[in-house]
Amino acid sequence: MKKKNFFIDLKDLIVEYQNDISSAESSEQGITIINLIMQDGLSHLEDYVQTNLTNLAINFLYVNNSTVPELIAYLENEINDPHNELVAIRESQVEFDKKYGTETSNVKEQFELLETISMDRYLNSVKYSPSPIDVTYMYLDYLAEMGVDYSKTAYIDVGSGMGRCLLLASDYPFSRVIGVEISSHLHEIAQNNIKIYKGEKQQCTNITSVCEDVLTFEIPTEETVVFYFYEPFSEVIFNQLHEKLARHIEKTQQKIILIFLNRVYLTLEVSEAFELEKRIDTKIRKSGQKEAATLGMDNYTNDNFFQVTIFKSK
């Protein structure tokens, strides 16, 4: 719910002062106006949130050259997005963090992080959202059907956030489990979660989180490497990663598996390095339907709420 409050505050300010912003004679004057508005209107927020929201407005208008009405429309779309409420309902039913003393369940928006977020990162990276536990175990189990030897396999969560999937993957006998996360704030939380987690089924203790851009991340040398993606970034970033992986496969002949939750990047439709292994539509549990209905979320129980798509190197 915090996200809505943040964006409502920002939208209300932009609406109130849109004539002043639109009539600015230069970008410098417009930026000055926005800074003054935000300093006063967002003073009740944490400094880092205020700074990131201010930068969002400035970059949207003066780097992307968007109009004030376009910024308002963007904020209204974010306000009306039910994702955070859906996650809260789902997580209240599983109580993963309550059981293990970890911190993985809350959605974290980019502007909430204890760090300055550039517009490029805001546009090309996304919020942290915890992967559903049952779906994660389902695709991890499926690896055995593909003939994967877990003991000779490295599992990589790309955009691992607070490390939920690292903990779940450690319940399998992987050679090692690695999270790659660009946010230093989320990386620190993940490191703490790794120290805390003592799952009753845990079979891998070689778990690490690295704070790094995945484009510079060194691919492990295990016989097989599994990369997991829960919509971590834009098509632009994935295209660059795909090129890196394709070159690596051509050079090493290493077996690489890509697992996607929901979004699949368009590049893979014409990829010469990867082929489709399987698509799995998962049914969301019906508990929580009443709570979702009260929020106007009729799509909560759609059979295709989560889709897992698996590609493997050719």
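Start at Glu95, the residue that follows α6: its phi is positive, near 50°. Keep in mind that this is a predicted model.

**Back along α6**

Now select helix α6, residues 83–94. Put a distance label on the C-alpha atoms at its two ends; they are 17 Å apart. Twelve residues at 1.5 Å a residue should span 16 Å, so the distance agrees with the expected span. Next, colour the buried residues of α6: Asn84, Glu85, Leu86, Val87, Ile89, Arg90 and Glu91. Note that Glu85, Arg90 and Glu91 are in that buried set, and charged by class.

**The largest pocket**

Turn on a surface and go to the largest pocket. It holds about 1,100 Å³ of space. To find its centre, select Ser125, Val126, Lys127, Glu231 and Pro232, the closest to it of the 48 lining residues. Then show the elements that give two or more residues to this lining: α5 (68–80), α8 (119–124), β1 (153–158), α10 (164–169) and β2 (176–181). Which element gives the most? That is α8, with five residues. Colour the pocket lining by class and you get 22 nonpolar, twelve polar and 14 charged residues.

**The largest cavity**

Stay with α8, since the next stop uses this helix too. The model has two cavities of 30 Å³ or more. The largest cavity contains about 40 Å³ of space. Select its lining: Asn52, Asn55, Leu56, Asn59, Ile117, Ser118, Met119 and Tyr122. Two elements, α4 (47–62) and α8, each give two or more residues here. The largest share is that of α4, with four residues. By class, the cavity lining splits into four nonpolar and four polar residues, with no charged ones.

**Tyr137 on α9**

Move on to helix α9, residues 133–145, and pick out Tyr137. Is Tyr137 buried or exposed? Tyr137 has a relative accessible area of 18%. The cut-off for buried is under 20%, so Tyr137 counts as buried.

Now show what surrounds this side chain. Leaving out residues up to four places away in sequence, Tyr137 touches Leu168, Asp171, Tyr172, Tyr197 and Lys201. One of these contacts, Leu168, falls within the α10 range of 164–169, an element that you met at the pocket.

For a last view, add Ala73 and draw a line from its C-alpha atom to that of Tyr137. The two C-alpha atoms are separated by 38 Å, and the residues lie 64 places apart along the chain.

Technical notes
Residues numbered from 1 in each chain as written. Predicted model: local features only at pLDDT ≥ 70, side-chain atom pairs only at ≥ 80, totals over all residues. Heavy atoms only, no water. 1 Å grid on protein atoms, 1.4 Å probe; cavity = no way out; pocket = protein on both sides within 12 Å on 5 of 7 lines; lining within 4 Å. Points joined across faces, edges and corners; volume = space filled by probe spheres on them. Expected span 1.5 Å × (residues − 1). Buried < 20%, exposed > 50% of the residue type's maximum accessible area, 1.4 Å probe, protein only. Contact = heavy atoms within 4.5 Å.
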